[in-house]
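Hi,

Here is the structure I promised to pass on. Have a look at it first, and then read on for what turned up when I went through it.

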Amino acid sequence: MAYLISKSDKIIKGEITLNGSKSISNRALILRALSGQEFSIKRISTSKDTTTLEKLLVEFAAQKEGERVELNTGHAGTTFRFLTGYLGTQKGTQILTGSDRMKQRPVGILVEALRALGADIQYLENEGYPPLQIGEWGKNFHKTNSNTLTISANTSSQYISSLLMLAPTLPNGLELTLDGKIVSVPYIQMTLNLMEEFGIQNNWEGNTISIAPQKYQGKDFVVEADWSAASYHFSLAILANEVDLQLNGLFEKSTQGDAEIVKIAEQFGISSTFNKDGIHLKKSGNGSTKMFEYDFLECPDIAQTIAVTSFGLGISCNLDGLHTLKIKETDRLEALQKELSKLGATISVTDDSLNLKASSKINSNISIETYNDHRMAMAFAPLAIKTPIQILDAGVVTKSYRNFWEDMQQIGFQFNKL
């Protein structure tokens, strides 16, 4: 499915109720499974990643004793990493696999950490990469007395979160030391905060997080809306001439790192006011930013959005802290360079940074490749307020934001199927 997207004016006005956070939903599902208790998770994300995780947890729970099942996560990286940890403590032998792209995404750091704690995990194809065989009844977890672990601090926060969520269920708990400068702190803090919601206490001193053996306490839970999803509407607001937009479901006190978009958008002339339903956006000016510089170490998922937004405004930007973007659904830095160049940008990237030079022209009716990456589609879509733009494989947005195109249509964008 491909769309040609356009808008007849540069006004953003309306009200959108955002989908539940994928990050929070996926953590809540794992915590519910670890608790062994049934409780409701309200406003759960409808994203493909979350529905996949929910389905695979049901499939696993339904298996018979001695049966081996194959669980396929598709493109869902968070789902794969969280299940790797969860299955390592469960009964049975499972095969955990994914798409061709998933088989190119490293998982060795997490596997080695779990093995150090006693997990029985084997690589079925390439060393350090999916697919995995996880099992024999998780018995090795209960044979080890080790509860201390050190891993690199600049590794994926999803590895760290997977380990932390398991910690209270291990015989001796876990003392996890993060070696070096910690990346994606808000995602780690999100995990710990959610664990606290379900009764788990922790102690975080310096670079060491300690969690004693404890039992999760199940209770009904409401998922906050997704700030990553909100970032695309902030981009629209920044690129528009006039803005009156209400985004429902967002909390003023949020543990999502992408809530930083509120402060970032202020530099581009967007004022945000929280209310009982969420947040209201207005255009307070065009902002004074001519060169935008920012370190996205703690909120890398909105870097694509800001890079494309800066190009749409015709300003330069220097973005750092982007090294995790290379191992996402695609190499996002390489993909950004290719697609922005097609639009007329002068852009250069390194392994962890992006530099964009100011440009006054945007090439029209360019076809944007998405590379099986939901964030590529959604980061580029706001440019349609400036010039008609073609998004190829538009259905990829279902990975995290199933109603993205419907929400854009609701605020006045036109779509033609190609």
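To start with the rings: how many aromatic pairs does the count come to? The answer is 14 aromatic pairs, and bear in mind throughout that this is a predicted model. One of the pairs is Phe 198 with Phe 221, whose ring centres are 5.5 Å apart with 55° between the planes, which makes the pair tilted. Phe 198 sits in the loop between helix H6 (185-197) and strand S10 (203-205), while Phe 221 belongs to strand S12 (residues 221-222), so this pair ties together parts that are 23 residues apart in sequence. Both Phe 198 and Phe 221 are buried. Then there is Phe 292 with Tyr 294: the centres are 5.9 Å apart and the planes are at 10°, so that pair is stacked. Phe 292 is buried too, because its relative accessible area is 1% and the cut-off is under 20%.

There is also an aromatic cluster, made up of Tyr 3, Tyr 232, Tyr 401, Phe 404, Trp 405 and Phe 415. Two charged side chains are worth a look as well. Lys 7 lies over the face of Phe 413, 5.7 Å from the ring centre, and Arg 32 has its charged end over the ring of Phe 39, at 5.9 Å from the centre.

Now the cores. Which residues have the most contacts inside the largest nonpolar core? They are Ile 5, Phe 234, Phe 296, Phe 380 and Trp 405, in a core of 77 residues. Helix H7 (residues 227-239) gives the most to this core, nine residues in total. If you click on Ile 5 and ignore neighbours within four places in sequence, you'll find it in contact with a long list, including Ala 381, Ala 384, Pro 388, Ile 389, Ile 391, Trp 405, Met 408, Phe 413 and Phe 415. Another core lies apart from that one; it has 60 residues, among them Phe 60, Val 111, Ala 113 and Leu 178.

On to the helices. Helix H3 (residues 77-88) has twelve residues and spans 17 Å from its first C-alpha to its last, close to the 16 Å expected at 1.5 Å a residue. Is H3 mostly covered or mostly open? Mostly covered: twelve of its twelve residues are buried. Among them are Arg 81, Thr 78, Thr 79 and Thr 84, alongside Phe 80, Phe 82, Leu 83, Tyr 86 and Leu 87. For an α-helix in general, residues three or four places apart point the same way, because there are 3.6 residues a turn.

Helix H9 (residues 303-313) is mostly covered as well, with ten of its eleven residues buried. The buried ones include Gln 304, Ile 306, Val 308 and Phe 311. Right after H9 comes Gly 314, with a positive phi near 80°.

In helix H6, take a look at Met 190. This residue counts as buried because its relative accessible area is 0%, where the cut-off is under 20%. Its C-alpha is 5.1 Å from that of Thr 255, although the two are 65 residues apart along the chain. Leaving out residues up to four places away in sequence, Met 190 touches Ser 23, Ile 24, Arg 27, Thr 255 and Gln 256.

For the strands, I'd start at S15 (residues 278-283), which pairs with strand S13 (residues 242-248) in the antiparallel sense over five bridges. Asp 244 stands opposite Lys 282 there. S15 is also joined by five bridges to strand S14 (residues 270-274), again antiparallel, with Ser 272 partnered by Leu 281. A hairpin through three residues links S14 to S15.

Finally, a few backbone oddities to check:

- The peptide bond from Pro 130 to Pro 131 is cis, with omega near 5°, and Pro 131 lies in the loop between strand S6 (121-123) and strand S7 (132-134).
- Asn 365 is not a glycine, yet has a positive phi of about 55°; this residue is in the loop between strand S19 (353-357) and strand S20 (367-368) and is partly exposed at 42% relative accessibility.
- Asp 393 has a positive phi near 50°, sits in the loop between strand S21 (389-391) and helix H12 (404-410), and is partly exposed, at 34%.

Cheers

Definitions and conventions: Residues are numbered from 1 along each chain as its sequence is written. This is a predicted model: local features need pLDDT of at least 70, side-chain atom pairs count only at pLDDT 80 or more; totals for chains, interfaces and linings use all residues. Side-chain values use heavy atoms; hydrogens and water are left out. Rings of Phe, Tyr and Trp (its six-membered ring) pair if their centres lie within 6.5 Å; planes under 30 degrees apart count as stacked, over 60 as edge-to-face and the rest as tilted. Helices (H or I, at least four residues) and strands (E, at least two) are DSSP runs, numbered from the N terminus. Buried means under 20% relative accessible area, exposed over 50%, partly exposed in between (1.4 Å probe, protein chains only). A charge sits over a ring if NZ of Lys or CZ of Arg is within 6 Å of the ring centre and within 35 degrees of the ring normal. A nonpolar core is a set of buried Ala, Val, Leu, Ile, Met, Phe, Trp, Tyr and Cys residues joined through side-chain atoms within 4.5 Å. Contact means heavy atoms within 4.5 Å. The expected span of a helix is 1.5 Å times one less than its number of residues. Two strands pair if DSSP finds at least two bridges between them.
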